[in-house]
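Biologist: Could you bring up the model, please? I should like to go through some residues and then the interior.
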Amino acid sequence: MDKFCDSILWDTNLTWYTTDPYFSPCFEKTVLTFCPLTFALLFGFIDILNISKSHFKRKSFLSSFVPLMIMKCGLTSTLIILQLTQIVIFKVNLDNMPTEYFTIDFLAASLLILGYIIALILSIFTNYYKVKSSGVQFFYWLLTVLTQAILFRTSWENYHSDHDYKGIIYLMRLISFPLIVFRFILEWFDENMCKKRTYGVKLESLLWVKLST
């Protein structure tokens, strides 16, 4: 694993036997990054199937872009652009970076981009079918907030001490995290004026939907 990452995956001295616990950089860039994406991949397809059962549908695709939806898409697209920018910067500075560092950082950014794209598709699909809430999207963004909060803390503590390519990673995290939190907050709001019914099942009977309304 050390040949693939820029550190060991799990370091008990760093995480457990200390008064100021941290996860290893490898753990942050793999496990914490992959958790929300795994959730989206496992339940995203199921979410689309359930959403398609809705009896409500907008007249056209463009009409689904109401103000709240535009904000959601704008924030998610900005997060994608930030990660793409990070990849471009890595490519430009490839000669100055160890190969294993570039590999794990490129993978982490790619995983985040894939997760954001899935979330963007689900959000557009949900709004088009006038579905009031989506438990999958709510928990995806909740997981993203929780995992990125840990990475944000690491970046906040180390940003001023690293002036090489790692500083770029920390800066992207510092910029992205407030946007992620704001995007998660938007999941609590709804602009659809359809009946309180989701996927053909009463809204009150879905516990995870209750949490997001």
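Modeller: This is a predicted model. A convenient place to begin is threonine 154, which is found in helix H5.

Biologist: Is threonine 154 buried or exposed?

Modeller: Threonine 154 is buried, because its relative accessible area is 8%, and the cut-off for burial is under 20%.

Biologist: Which residues is threonine 154 in contact with, leaving aside neighbours within four places in sequence?

Modeller: With those neighbours left aside, threonine 154 contacts Tyr22, Glu28, Tyr170 and Arg173.

Biologist: How far apart are threonine 154 and arginine 173 in space?

Modeller: Their C-alpha atoms are 9.3 Å apart, and 19 residues separate the two in sequence. Arg173 also appears in the lining of the largest cavity, as one of the residues nearest its centre.

Biologist: Let us take up that cavity, then. How many cavities of 30 Å³ or more are there?

Modeller: The count comes to 4 cavities of 30 Å³ or more. The largest cavity holds about 130 Å³ of space.

Biologist: What lines the largest cavity?

Modeller: The lining consists of 14 residues, and those nearest the centre are Gln86, Ala108, Leu112, Ile169 and Arg173. Helices H2 (25-51), H3 (67-92), H4 (99-128), H5 (135-158) and H6 (165-186) each give two or more residues to this lining.

Biologist: How many of the lining residues are nonpolar, polar and charged?

Modeller: By class, 6 are nonpolar, 5 are polar and 3 are charged.

Biologist: Changing topic, which residues touch the most other members of the largest nonpolar core?

Modeller: Tyr116, Tyr140, Trp141 and Ile180 do, in a core of 22 residues. The elements that supply two or more residues to this core are H2, H3, H4, H5 and H6. H4 gives the most, with 8 residues.

Biologist: What does tyrosine 116 touch, not counting residues up to four places away in sequence?

Modeller: On that basis, tyrosine 116 touches Thr76, Leu79, Ile80, Gln83, Tyr140, Trp141, Thr144 and Ile180. Another core lies apart from the largest one; it has 5 residues, including Val66, Met69, Cys73 and Ile124.

Biologist: Gln83 was on that list. Where does glutamine 83 lie?

Modeller: Glutamine 83 lies in helix H3. This residue counts as buried because its relative accessibility is 4%. Beyond its neighbours within four places in sequence, glutamine 83 contacts Ala109, Leu112, Ile113, Tyr116 and Ser176. Leu112 is also among the residues nearest the centre of the largest cavity.

Biologist: And leucine 41, where is its place?

Modeller: Leucine 41 is in helix H2. With a relative accessible area of 47%, leucine 41 is partly exposed. The C-alpha atoms of leucine 41 and isoleucine 118 are separated by 8.0 Å, although the two residues are 77 residues apart along the chain.

Biologist: What about the chain as a whole: how many helices and strands does the protein chain have?

Modeller: There are 7 helices and 2 strands. From the N terminus on, the order is α-α-α-α-α-α-β-β-α.

Biologist: What percentage of the residues count as buried?

Modeller: Of the 213 residues in the protein chain, 45% count as buried. The chain exposes about 11,400 Å², of which carbon and sulfur atoms supply 69%.

Biologist: Finally, among contacts between residues at least 6 apart in sequence, what percentage join residues at least 24 apart?

Modeller: In the protein chain, 74% of those contacts join residues at least 24 apart.

Terms used: Residues are numbered from 1 along each chain as its sequence is written. This is a predicted model: local features need pLDDT of at least 70, side-chain atom pairs count only at pLDDT 80 or more; totals for chains, interfaces and linings use all residues. Side-chain values use heavy atoms; hydrogens and water are left out. On a 1 Å grid over the protein atoms alone, a cavity is a set of points where a 1.4 Å probe fits but cannot get out, and a pocket is an open set with protein on both sides within 12 Å along at least five of seven lines; lining residues have an atom within 4 Å of a point. Grid points are joined across faces, edges and corners, and a volume is the space filled by probe spheres set on the points. Helices (H or I, at least four residues) and strands (E, at least two) are DSSP runs, numbered from the N terminus. Ala, Val, Leu, Ile, Met, Phe, Trp, Tyr, Cys and Pro count as nonpolar, Asp, Glu, Lys and Arg as charged, and the others, Gly among them, as polar. Buried means under 20% relative accessible area, exposed over 50%, partly exposed in between (1.4 Å probe, protein chains only). Contact means heavy atoms within 4.5 Å. Accessible areas come from the Shrake-Rupley method with a 1.4 Å probe; for residues, only the protein chains shown count as cover. A nonpolar core is a set of buried Ala, Val, Leu, Ile, Met, Phe, Trp, Tyr and Cys residues joined through side-chain atoms within 4.5 Å.
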